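Got the model open in your viewer? Set it to a cartoon view with chains coloured separately, and we'll go from stop to stop.

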Protein chains: 2
Amino acid sequence: MLTYNFTNTGSDSLYAYLYKCIKNDILQGKLKAGEKLPSKRSFAKNLGISVITVENAYGQLMAEGYIYSFPKKGFFVSDLNHSGVQKQPVDMNKVVLTGGANAYTADFTSNQTDHHVFPFSIWTKAMREVINENQTQLMRNPPCGGIMELRQSISRYLSEFRGMQVKPEQIIIGAGTEYLYGLIIQLMGSQVVYGVENPGYPKIAKIYKSMQVACEYIDIDEEGVPAKALVEKKIDVMHLSPSHHFPTGIVMPISRRYELLGWASREKGRYIIEDDYDSELRLLGRPIPTLQSIDVSDKVIYMNTFTKTLCSTVRISYMVLPADLTEKFYQNLSFYSCTVSNFEQYTLARFMENGNFEKHINRLRNYYQNKRDEILSAFRREPLGSYLTIMEEGAGVHFLMHVDCEKEEDEIVREARAKGIKLMPLSKYYYGNEVKYPNTYVMNYSSIETEKLKKAVTALGQIIRGVKESKK
Amino acid sequence: MLTYNFTNTGSDSLYAYLYKCIKNDILQGKLKAGEKLPSKRSFAKNLGISVITVENAYGQLMAEGYIYSFPKKGFFVSDLNHSGVQKQPVDMNKVVLTGGANAYTADFTSNQTDHHVFPFSIWTKAMREVINENQTQLMRNPPCGGIMELRQSISRYLSEFRGMQVKPEQIIIGAGTEYLYGLIIQLMGSQVVYGVENPGYPKIAKIYKSMQVACEYIDIDEEGVPAKALVEKKIDVMHLSPSHHFPTGIVMPISRRYELLGWASREKGRYIIEDDYDSELRLLGRPIPTLQSIDVSDKVIYMNTFTKTLCSTVRISYMVLPADLTEKFYQNLSFYSCTVSNFEQYTLARFMENGNFEKHINRLRNYYQNKRDEILSAFRREPLGSYLTIMEEGAGVHFLMHVDCEKEEDEIVREARAKGIKLMPLSKYYYGNEVKYPNTYVMNYSSIETEKLKKAVTALGQIIRGVKESKK
């Protein structure tokens, strides 16, 4: 009869050990398909263990299909019909990871939030209160568009600060705007032609392509995208950043806004996605009113995010759908679970309701204004200053910097990278061959550590001025 | 000259008020396109305000494009080319919201987590520690697949508890499995035919359809999906729940597992998605080993979630990609930001590392075992008991309940709903016309409040036994 030695069972229980022994023998072919196993009673007696132990081991082997039973006849080994090949370990050497550790002295391409500016203690307090007071609600599955408390807070915020009258039901919350674009594509269907601004935020086109829908680049002029080009390229849904175009910084004038709203209203399936990604961070004058607020034909999908105003690593964004699309959303897509954790939704709602969000934005604006001034004055100082022209520094957390020197753009980027400075040329945001605005850089400064600024400016100065580093 | 009254500026600053007055006059056509505005100096003098105030108002109007300037000539009203229609408020009456408030005495269709079982204090402690100790890391954008600390914790967990040897780089974290399915579709491309189990978890097919990719239903037999049917329907990627089929509870036997792995290995583009959604909650015996752990040809995409083990409203799921798809993922999809907040990723990593997750799962298993026993004994008690047959109660947080009575399924569901009990018939999980297993219900018990159980059982008994409620 089959026998096993129980002296080295390790941390396993007797039944688990017996299960593993038998399974192993089946996998290695020592026990053949169809072979009859000992009866529970005689096996137990033979091994000196209880019948229950054998029963449990047989039960687990049955559950996994290694053995089967015939009533009154006993237990038999199944036909596994497998090759017995051993699993090979995976070779991960080819895999390139992105993101994570920040090895740069100054990374002017990152949208990361400076940890000095995140309101850790107020945020933690709001979360603690939520966890103490709302345990039942925290466990309750939210509607697909997000918890009503947060949507109401956002609705009030949009009314007070952006002059927009929208119902909480029109607001759909999601884990980042990238995710919300995916929902829009599912809402619109795959036969639609999407337009993106050229130059523009490159991720939008990447998402459309990854989702395999048609996407056309529309060249902007000095006022933004012209309606004529949308007609020519047969665009159905146009992505715009009218309050602060990325990366050029253009504010779309009101006449162009009406022109584009007119374009959208002339055909049934036309929509504009208004990406208002950093309107809160306008550092000069009042915020620019939204396209949504002057849209009378319900053609604008408004999109905004807390990744700029709170931090890039808390993933909460939202979109405001026009009435017809709101209805379609609930009909077609309400089976989706909301992608943002209830804990963070309730915390943000509380943070907004008790006025902390408004205070935080004011603090943020001051902080970035000072940071920008500090960075700009470091860049403008001689001898580097006379090589540089700074543009579009009045809004958001980036400005444009033109470098007047004989080195090529690629050379400057490469040399800067070697010295721990990451730069992104404006030309890289253009799709197509024609290089516009050479030697101009899009300078994101949100994550720059001012303590390392002097070092970065000195290094950049040496590169641009062509000075050899003295080695001693 | 143009003039305004500054006695009722409300909470506006002088410049904001002036800006609004002029903008209003332009929008209402009182100031016509091309009309010249007063010079800053004379306008200021006339209104009795400072030149700076006029300058700021003009600046904002210029930024928004309501006016333009010609050097040395002054400021002029832009041609807005708009119709002047007023925005209509949105009619939201037609919009039906789903989710949110729970109005049922007993909802046997909900996967919500009972708030008694969520480890609020331990979770909060872990989050507090993370916020105190990791502020810099919390602000750092994670790799697209999630923070390495959490992926390492998951890798160790899979090794210890599921016998799976996977590298952290193969693990991709996302805000719910629904989101991860979207990534898989983008990874595979739109030419692929997806297979889903019939019956099965209905959301999977909904996602495939919403994303407009081909999706076929594969009928299961008593061991699960047969390989032959996959060949016939030309499936490329098959979704399976082998450890615990939803909703029938079938555990796929080892022979069928090898048969399906064989199917996958015979053609290059074939893959299996192994949905291991509730393997941690097996209440009888040991957990069933995964398909991934016996897959030698790297054909299994393993998918699991913390929405069952932690709670349904913290949206953290993950998938384990085979080597070739891992490489493709980093090449094609690494531009996406991870959809889970850093705060919750770091908290979960800490929760797993200090052993709390393991303890929590053991507690959870005991809790659900007791809860299930309490619910089943209430159902089995006479007079209701003799009408019911309970099946598949050994795993997960649902069981099957067959009702032996003359009433039709629809009638029982309707009458139960009227009494505050939500039931889901097994037949509803089948695609197609043939009704299998009539009068059998899939009973999710995770969110049932045991205090309300007696009331629910009495009401259900009256419906099933056809007893009229006595009214006095």
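Start by selecting A:Gln212, which comes right after H8(A) and has a positive phi, near 60 degrees. (Helices, H or I and at least four residues, and strands, E and at least two, are DSSP runs numbered from the N terminus.) Before going on, some housekeeping: residues are numbered from 1 along each chain as its sequence is written, and chains are lettered from A and ligands numbered from 1 in the order in which they are written. This is a predicted model, where local features need pLDDT of at least 70, side-chain atom pairs count only at pLDDT 80 or more, and totals for chains, interfaces and linings use all residues, while side-chain values use heavy atoms and leave out hydrogens and water.

**Around helix H8**

Now hop over to B:Gln212, in the loop between helix H8 (202-210) and strand S6 (214-219) of chain B. B:Gln212 is not a glycine, yet its phi is positive, about 60 degrees. With 42% relative accessibility, B:Gln212 counts as partly exposed; buried means under 20% relative accessible area, exposed over 50%, and partly exposed in between (1.4 Å probe, protein chains only).

Go back to chain A and select helix H8 (residues 202-210). Its buried residues are A:Lys203, A:Ile204, A:Ala205, A:Ile207, A:Tyr208 and A:Ser210. What covers them? The cover of the buried residues of H8(A) includes helix H7 (177-188), strand S5 (193-198), S6, strand S7 (237-240) and strand S8 (271-275) of chain A, together with helix H7 (177-188) of chain B.

Next, pick A:Lys234, in the loop between H9 and S7 of chain A. Here is another non-glycine with a positive phi, about 55 degrees. A:Lys234 counts as exposed, at 64% relative accessibility.

**Where the chains meet**

Zoom out and show both chains. A rotation of 180 degrees, with 0.0 Å of shift along its axis, puts chain A on chain B with an RMSD of 0.1 Å (a least-squares fit on the C-alpha atoms of residues with pLDDT of at least 70 in both copies). The two copies are thus related as by a two-fold rotation axis.

Select the contact residues, with contact meaning heavy atoms within 4.5 Å: 103 from chain A and 103 from chain B. Of the interface residues of chain A, 100% are also interface residues in chain B, so the copies meet through the same surface. Between them the chains bury about 8,900 Å², 61% of it on carbon and sulfur atoms; buried area is the accessible area (1.4 Å probe) that two parts lose on being put together, summed over both.

On the side of chain A that touches chain B, helix H1 (residues 14-27) of chain A gives the most, with six residues. That side of chain A divides into 48 nonpolar, 35 polar and 20 charged residues. (Ala, Val, Leu, Ile, Met, Phe, Trp, Tyr, Cys and Pro count as nonpolar, Asp, Glu, Lys and Arg as charged, and the others, Gly among them, as polar.)

**Salt bridges**

How many salt bridges are there between chain A and chain B? Zero, where a salt bridge is a side-chain nitrogen of Lys or Arg within 4 Å of a carboxyl oxygen of Asp or Glu. Over all chains, the count comes to 34.

For one of them, select A:Glu223 and A:Arg256, whose closest N and O atoms are 3.5 Å apart. This pair, 33 residues apart, links the loop between strand S6 (214-219) and helix H9 (227-232) to helix H10 (residues 254-265) of chain A. A:Glu223 is partly exposed at 27%, whereas A:Arg256 is buried at 6%.

In chain B, try B:Glu129 and B:Arg350, a salt bridge of 2.9 Å, N to O. B:Glu129 sits in helix H4 (residues 120-133) and B:Arg350 in helix H12 (residues 342-353), 221 residues apart.

**Last picks in chain B**

Select B:Phe246 and B:Pro247, joined by a cis peptide bond with omega about 0 degrees. B:Pro247 lies in the loop between strand S7 (237-240) and helix H10 (254-265) of chain B. Then move to B:Glu382 and B:Pro383, where the peptide bond is also cis, with omega near 10 degrees. B:Pro383 is in the loop between H13 and S11 of chain B.

Finish at B:Thr309, which counts as buried at 1% relative accessibility. Leaving aside neighbours within four places in sequence, B:Thr309 is in contact with B:Glu280, B:Phe357, B:His360, B:Ile361 and B:Leu364.
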